[in-house]
Amino acid sequence: MEDSKLHEFVLKISSLWNEQKIREVLYLEALKKDSMGPLRRMLTQGHFSALLFQKEIHWIYDYFKCFLTDKDLVNNEEVNLNTVSALHNLEDKEEVAGYLKKTEGKILQSYRSLYKYLDRDLETRRVVDEHLDRISEFYEILSKQEIVIIKELKRPVAA
């Protein structure tokens, strides 16, 4: 990879790590809510996948970063607090699912933007593909939960 392309890739990987950190915090916060009942298993899986994906992204970052100019990945508490406060105000599982779905959608776009950098590194491409597949599964599950509330809103009310 040429230097400018490598630098862009490292920045995108760093950004993706931060997005996974946000994802971890969101799933953990959603698990604290009382109304999540049937979603608890999926929320737990989402939380653990975010932790695992952070580790794998960190390995990729360390492999490609320039030790002279690129910083280590660090947790940004301010971003986490803002993210949690937005989720904290939601109560219904359908609302929480919609919020998490939007987050997963943004992360999917971030992963897809990495493909132009992965032309020769097959191991990194494999990891990115695995992450994309798993996050796509979460996105679909959350979409189905969000549809439940839309169907309920469209039902005619008996007078």
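The following legends describe close-up views of a predicted model of one protein chain.

**Figure 1. The chain as a whole is built from helices.**
The predicted model contains 5 helices and 0 strands, and the order along the sequence reads α-α-α-α-α. The chain has 159 residues, of which 42% count as buried. Among contacts with a separation of 6 or more, 78% join residues that are 24 or more positions apart. The surface exposed by the chain is about 9700 Å², and carbon and sulfur atoms supply 55% of that area.

**Figure 2. Confidence of the prediction along the chain.**
The mean pLDDT of the chain is 83, and 85% of the residues reach 70 or more. Among the elements, the highest mean pLDDT, 92, belongs to α2, whereas the lowest, 71, belongs to helix α3, which covers residues 77-88. Where pLDDT is low, the predicted coordinates should not be read in detail.

**Figure 3. The largest nonpolar core of the chain.**
In soluble globular proteins, nonpolar side chains tend to be buried together. The largest nonpolar core here has 21 residues, and Phe 9, Ile 13, Tyr 111 and Leu 114 have the most contacts inside it. At least two residues of this core come from each of the helices α1 (3-31), α2 (40-64), α4 (93-112) and α5 (122-154). Another core, of 14 residues, lies apart from the largest one and includes Ala 30, Met 42, Leu 43 and Leu 90.

**Figure 4. The surroundings of Leu 114.**
Which residues does Leu 114 contact, leaving aside its neighbours within four places in sequence? The partners of Leu 114 are Phe 9, Lys 12, Ile 13, Leu 16 and Val 128. Two of these partners, Phe 9 and Ile 13, are also named with Leu 114 among the residues that have the most contacts inside the largest core.

**Figure 5. The aromatic pair of Tyr 27 and Phe 138.**
A pair of aromatic rings is described by the distance of the centres and the angle of the planes. The chain has 4 aromatic pairs. In one of them, the ring centres of Tyr 27 and Phe 138 are 6.0 Å apart and the planes stand at 55°; the pair is therefore tilted, as this angle lies neither under 30 degrees, the limit for stacked rings, nor over 60, the limit for edge-to-face rings. Because Tyr 27 belongs to helix α1 and Phe 138 to helix α5, the pair ties together parts that are 111 residues apart in sequence. Tyr 27 and Phe 138 are both buried.

**Figure 6. An edge-to-face pair within an aromatic cluster.**
The rings of Tyr 63 and Phe 64 form an edge-to-face pair, with 4.9 Å from centre to centre and 90° between the planes. Are the two residues buried or exposed? Tyr 63 counts as exposed because its relative accessibility is 63%, above the cut-off of 50%. Phe 64, in contrast, counts as buried because its relative accessibility is 15%, under the cut-off of 20%. Ring pairs link Tyr 63 and Phe 64 with Phe 9 and Tyr 117 into a cluster.

**Figure 7. Thr 124, a buried residue of helix α5.**
Thr 124 is placed in helix α5 and has a relative accessible area of 6%, so it is buried. Neighbours within four places in sequence aside, Thr 124 is in contact with Phe 9, Ile 60, Phe 64 and Leu 118. Of these, Phe 9 and Phe 64 also belong to the aromatic cluster.

**Figure 8. Ser 110 and its polar contact with Glu 19.**
Ser 110 lies in helix α4 and counts as buried, at 18% relative accessibility. A polar contact of 2.8 Å connects the side chains of Ser 110 and Glu 19. Not counting residues up to four places away in sequence, Ser 110 touches Leu 16 and Glu 19.

**Figure 9. Lys 21 in helix α1.**
Lys 21 is found in helix α1 and is buried, with a relative accessible area of 16%. The side chains of Lys 21 and Glu 24 are joined by a polar contact of 2.9 Å. Gln 54 is 33 residues from Lys 21 along the chain, and the C-alpha atoms of the two residues are separated by 6.9 Å.

**Figure 10. Glu 137 in helix α5.**
Glu 137 is part of helix α5 and counts as partly exposed, at 40% relative accessibility. Its side chain makes a polar contact of 2.5 Å with the side chain of Arg 134. Glu 137 and Glu 104 are 33 residues apart in sequence, and their C-alpha atoms are 9.9 Å apart in space.

Definitions and conventions:
Residues are numbered from 1 along each chain as its sequence is written. This is a predicted model: local features need pLDDT of at least 70, side-chain atom pairs count only at pLDDT 80 or more; totals for chains, interfaces and linings use all residues. Side-chain values use heavy atoms; hydrogens and water are left out. Helices (H or I, at least four residues) and strands (E, at least two) are DSSP runs, numbered from the N terminus. Buried means under 20% relative accessible area, exposed over 50%, partly exposed in between (1.4 Å probe, protein chains only). Contact means heavy atoms within 4.5 Å. Accessible areas come from the Shrake-Rupley method with a 1.4 Å probe; for residues, only the protein chains shown count as cover. A nonpolar core is a set of buried Ala, Val, Leu, Ile, Met, Phe, Trp, Tyr and Cys residues joined through side-chain atoms within 4.5 Å. Rings of Phe, Tyr and Trp (its six-membered ring) pair if their centres lie within 6.5 Å; planes under 30 degrees apart count as stacked, over 60 as edge-to-face and the rest as tilted. A polar contact is a pair of N or O atoms within 3.5 Å; within protein, one must be able to donate a hydrogen and the other to accept it, and residues adjacent in sequence count only if both atoms are side-chain atoms. pLDDT is the predictor's confidence in each residue, from 0 to 100.
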